[in-house]
Amino acid sequence: EGIRENWPSTAEAKVEINGNKYKTDSWFNTPPNIISNIPRRLHLQKDHPVYITRQIIESVFPAPTYKYHNTFDPVVSTHQNFDSLGFPKDHPGRAKTDTYYINESTLLRTHTSAHQADTFRANLSPGYLISADVYRRDEVDRSHYPVFHQMEGAHSWDRDTVPNGDVAAAVWSDVEKLPTHDTKVEDPNPPFHAERNPLQSDHHSAAEAEAIGAHLKRSLELMVVEIFTRAKIAAKKADPNFVDEPLKLEVYYAGDWLEVLGCGVVQQSLYINAGVPNQLGWAFGIGLERIAMLLFNIPDIRLFWSRDERFLNQFAGVSDNLGLLKRFVPFSKYPGCPKDVSFWLKATSSAGGNAKQANKHDFHENDVMEIVRGIAGDVVEDVKLVDQFTHPKSGRKSMCYRINYRSLERTLTNAETNDMHDRVTKALVDELGVEIR
Ligand code: FA5
Ligand code: MG
């Protein structure tokens, strides 16, 4: 209730997060419903499915080879989150429409990779696992939530300390030591492509990249085999970001392919910038909720935030005895109430009947998502664009979104759904300047 109120709007306001005060500026766009979720840290809440999933993955990446970091602060610099990873200045992820900023140079991390460079620099162990809450302005549906949990894993080898300086031999010897499994994994992607990635060829030999790729794949296979014995899995080529030979892993679930992780051989520039130029290795980043949804058969990502005992009690005692792990039994599904809202976008410049100008607008769908979440909170199941068109004469653009209001815990009354929808409609007009049709 009233979660959009008390939102500091002046440039001089301060916000307190985990006991630290931060000065906000015109970049500040983190609403109270996000800030209030920061202390939840579901990955540290015993018997929570996100915690259990972290435990299971950690068991596949054992200490002391891997060191676990589970309490890094979510407030990081734009340097940590983007620059340290080589994200270009115009990368869309940096936009205020995609990321929650505290001020121009401070934000809520959008991924655990924000800690990659610092962890490489600290160089405490060959491998690490970082589990943490991460924050993104994103779409609203059953597999996306603005706060979720990621686990990042990495393993590095040091040219200076491997026997005879032979990294490839050292990595293959580590591959030999990995446990074996007898599950067949379909993977049409060879571990190394000679034609790709000229940058890495300055730093790695093909034999080194191939050995590291093999260690990465074998390690991820072990994880996947541990988690899903029955799911169908595919490795697909992904967009290159800050890893080479990038791959993402998708799992077939409830009739759809669900993306669960991204991974690859770490770009050497990262190690160089982190002051450990003689290291080389791999990294992956996984969405813990996505894994937990598959593992426990949890149909909606909002359930993770539920404090309803009918949800939480189903996992009681599992952290201490993984043998008790069983699939989630959904409690009753309450009726959904879909409502449409159609509006004309505001033109950026005064259109004055000029069709070309009227066609220009400064509209981002994530702003619609954010307004709906801010008002309806966890009572919205998904928001979908169902229609859009441009008026042939005026050039004005119209959008129609369908908002499905559905609580996971009770039946909504007509009156409260109508009230929420009216408030959403009003906020769209007030904050985005749209005109309701
Ligand atoms: C990353 O965040 C990279 N940092 C991962 C990485 C690490 C790649 C190290 C290479 C080396 P991506 O944006 O794809 O990648 O997110 C990783 C995973 O987070 C996705 O596969 C998905 O499982 C999960 N995820 C992404 N957005 C959401 C969301 N809104 N809600 C829930 N889970 C999400
Ligand atoms: Mg995404």
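Student: α12 and α13: is the crossing left-handed or right-handed?
Tutor: α12 passes α13 in a right-handed crossing, meaning that the near helix is turned clockwise from the far one by less than a right angle (anticlockwise would be left-handed). Helices here are DSSP runs of H or I with at least four residues, strands are E runs of at least two, and both are numbered from the N terminus. This is a predicted model, in which local features need pLDDT of at least 70 and side-chain atom pairs count only at pLDDT 80 or more, while totals for chains, interfaces and linings use all residues. Residues are numbered from 1 along each chain as its sequence is written, chains are lettered from A and ligands numbered from 1 in the order in which they are written, and side-chain values use heavy atoms, leaving out hydrogens and water.

Student: At what angle do α12 and α13 pack?
Tutor: About 140°, with the axes of α12 (residues 365-376) and α13 (residues 414-432) 9 Å apart. Axes are lines fitted to C-alpha atoms over the stretch in contact, and angles run from 0 to 180 degrees between N-to-C directions. That angle makes α12 oblique to α13; under 35 degrees is roughly parallel, over 145 roughly antiparallel, 65 to 115 roughly perpendicular, and the rest oblique.

Student: Which residues of α12 and α13 meet?
Tutor: Among them, Val368, Ile371 and Ile375 of α12 and Val424, Ala427 and Leu428 of α13, contact being heavy atoms within 4.5 Å. By class, this contact has 10 nonpolar, no polar and 3 charged residues. Ala, Val, Leu, Ile, Met, Phe, Trp, Tyr, Cys and Pro count as nonpolar, Asp, Glu, Lys and Arg as charged, and the others, Gly among them, as polar.

Student: OK, and how do α5 and α7 cross?
Tutor: At roughly 20°, with the axes coming within 8 Å. The two helices are therefore roughly parallel. α5 passes α7 in a left-handed crossing. The residues in contact divide into 9 nonpolar, 1 polar and 4 charged.

Student: New topic. Where is the cis peptide bond?
Tutor: Between Ala63 and Pro64, with omega about 5°. Pro64 lies in the loop between α2 (49-60) and β3 (66-69).

Student: Asn164 has a positive phi. Is Asn164 buried or exposed?
Tutor: Exposed, with a relative accessible area of 80%. Buried means under 20%, exposed over 50%, partly exposed in between (1.4 Å probe, protein chains only). Its phi is about 55°, and Asn164 is in the loop between β8 (147-158) and α5.

Student: And Asn123, what is its phi?
Tutor: Near 50°, also positive in a residue other than glycine. Asn123 is partly exposed, at 37%.
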